[in-house]
Amino acid sequence: ISPKRHKTIEATDIILQMVASGRGVAALPRWLVEKYAKDHNVVTVQLGEHGIKKQIFLGTRKSDIGVDFIKDFFHLARTLALAN
């Protein structure tokens, strides 16, 4: 299946409004759709039997590795990744 037309939209609210009005479909992270689902008449569906998995890699400059908020961000990211 191929879309008849493809349009790139970067604003989440506009994407969800277009989907809610029947003017398109979107592939977005489940957590993002669930966050806005109450405000827009949309539901989530899984793509494929196991969904689509994505990796995100974190990096920083050596000089910033000791900065408290960066250390905390890395710790939070590791904790959430291990929880999922």
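This short presentation concerns the pockets and one surface patch of the structure shown above. Please keep in mind that the model is predicted.

Let me begin with the largest pocket. Its space comes to about 1400 Å³. A total of 31 residues line this pocket, and those closest to its centre are L28, P29, R30, W31 and I52. Which elements give two or more residues to this lining? They are helix 1, spanning 12-20, helix 2, spanning 30-36, and helix 3, spanning 68-83. Helix 3 gives the most, with six residues. As for the chemical classes, the lining of the largest pocket has 21 nonpolar residues, together with six polar and four charged ones.

I turn now to the second largest pocket, for which the computed volume is about 450 Å³. Here 15 residues form the lining, and R5, H6, K7, G24 and V25 are the closest to the centre. By class, the lining of the second largest pocket is made up of nine nonpolar, three polar and three charged residues.

My last topic is the surface. I56, L58 and F73 make a nonpolar patch of about 330 Å². F73 is placed in helix 3, the helix that also gives six residues to the lining of the largest pocket. Is F73 buried or exposed? With a relative accessible area of 47%, F73 is partly exposed. Patches are made of residues with over 30% relative accessible area, so F73, at 47%, passes that cut-off.

To close, I return to the two volumes: about 1400 Å³ for the largest pocket and about 450 Å³ for the second largest. Thank you for your attention.

Definitions and conventions:
Residues are numbered from 1 along each chain as its sequence is written. This is a predicted model: local features need pLDDT of at least 70, side-chain atom pairs count only at pLDDT 80 or more; totals for chains, interfaces and linings use all residues. Side-chain values use heavy atoms; hydrogens and water are left out. On a 1 Å grid over the protein atoms alone, a cavity is a set of points where a 1.4 Å probe fits but cannot get out, and a pocket is an open set with protein on both sides within 12 Å along at least five of seven lines; lining residues have an atom within 4 Å of a point. Grid points are joined across faces, edges and corners, and a volume is the space filled by probe spheres set on the points. Helices (H or I, at least four residues) and strands (E, at least two) are DSSP runs, numbered from the N terminus. Ala, Val, Leu, Ile, Met, Phe, Trp, Tyr, Cys and Pro count as nonpolar, Asp, Glu, Lys and Arg as charged, and the others, Gly among them, as polar. Patches are made of residues with over 30% relative accessible area and no salt bridge: like charges are joined within 9 Å, nonpolar side chains (Val, Leu, Ile, Met, Phe, Trp, Tyr) within 5 Å. Accessible areas come from the Shrake-Rupley method with a 1.4 Å probe; for residues, only the protein chains shown count as cover. A salt bridge is a side-chain nitrogen of Lys or Arg within 4 Å of a carboxyl oxygen of Asp or Glu. Buried means under 20% relative accessible area, exposed over 50%, partly exposed in between (1.4 Å probe, protein chains only).
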